[in-house]
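User: I am new to this structure and would like a close look at a single part of it. Please pick one helix, go through it slowly, and then show me some other places worth finding.

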Amino acid sequence: MRRLILLRHAKSDRPPGIVDLDRPLNDRGKRAAPQMGAYLAAEGLIPEAVVVSPAKRTRETWEAIQSALTGPEAEIVPSIYDAPEAALLSIVQTTPDTAGSLLMIGHNPGLQDLAMRLAGSGEKAGRKRLSLEFPTAAVVVLDFEGDAWSTVAAGTGRLERFVAPRDIKIGD
């Protein structure tokens, strides 16, 4: 089995004069990111591989959750930034098969589109909600049968969970 964990970056700021790539997390994002890291750790959602967009807000999100996870170092993958779902799927499909789980930290609309394309089964209410929103710092977990990332394709995933920061409380 393969497990894909998609994490949208935490809420970011829009300071004047700062280009999109350099936008930092805002105060809400700085609170939500470690909360989601604690959630991932508590739920045993520890990735074996991590890929992150080069945007400052995604790197800061990773830095805030990394301490809660006992996993690998993140690989900064420039093609995740502002990528459509097809490009994100290509990154997933080329993940080394030695990693049973992959955490991708990126952006909308690409992450939401990818999750929707892959989720062929799973909780109906979660899939409906995902079709409507993918909030900042939210996590989607998709499970796939098989032992090769290259076989991940449209409709082959099962939505295991969809969790936003507002769905959990610190300490849960």
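Analyst: Let's start with a term: a residue is buried under 20% relative accessible area, exposed over 50%, and partly exposed in between (1.4 Å probe, protein chains only). The model is predicted, so local features need pLDDT of at least 70 and side-chain atom pairs pLDDT 80 or more, while totals for chains, interfaces and linings use all residues. Numbering runs from 1 along each chain as its sequence is written, and side-chain values use heavy atoms, without hydrogens or water.

Our chosen part is helix α1, which covers residues 27-42. Helices (H or I, at least four residues) and strands (E, at least two) are DSSP runs, numbered from the N terminus. From its first C-alpha to its last, this 16-residue helix reaches 23 Å. That is close to the 22 Å expected at 1.5 Å a residue, a figure found as 1.5 Å times one less than the number of residues.

Now look at both ends of α1. At its start, Asn26 has a side-chain oxygen within 3.0 Å of the backbone nitrogen of Arg28. Just after the helix comes Gly44, whose phi is positive at about 70°.

Which residues of α1 are buried? They are Gly29, Ala32, Ala33, Gln35, Met36, Gly37, Tyr39 and Leu40. You can look for their cover in several other elements: the strands β1 (2-8), β6 (139-144) and β7 (157-163) are included, and so is the helix α2 (56-66).

From here we can visit strand β4 (residues 101-106), where Gly106 sits. Gly106 is buried because its relative accessibility is 0%. Beyond the residues up to four places away in sequence, Gly106 touches Leu7, Arg8, His9, Ser53, Thr58, Ile80 and Leu111; touching, or contact, means heavy atoms within 4.5 Å. Thr58 makes a nice pair to find on screen: Thr58 and Gly106 are 48 residues apart in sequence, yet their C-alpha atoms are 6.3 Å apart in space.

The loop between β4 and α4 holds Pro109. Here the peptide bond from Asn108 to Pro109 is cis, and its omega is near 10°.

Next comes helix α4 itself (residues 110-118), the home of Gln112. Gln112 counts as buried because its relative accessible area is 14%. A polar atom of the Gln112 side chain lies 2.7 Å from the backbone oxygen of Leu130. With neighbours within four places in sequence left aside, Gln112 is in contact with Leu130, Ser131, Leu132, Glu133 and Phe134.

Two loop residues finish the walk, and both can be found by their backbone angles. Asp82, in the loop between β3 (74-76) and α3 (85-93), has a phi near 55°, a positive value in a residue other than glycine. Asp82 is exposed because its relative accessible area is 59%. Ala137 also has a positive phi without being glycine, near 65°, and its loop runs between α5 (124-132) and β6. Ala137, however, is buried, because its relative accessibility is 2%. That loop leads us back to where we began, since β6 is among the elements that cover the buried residues of α1.

Definitions and conventions. A polar contact is a pair of N or O atoms within 3.5 Å; within protein, one must be able to donate a hydrogen and the other to accept it, and residues adjacent in sequence count only if both atoms are side-chain atoms.
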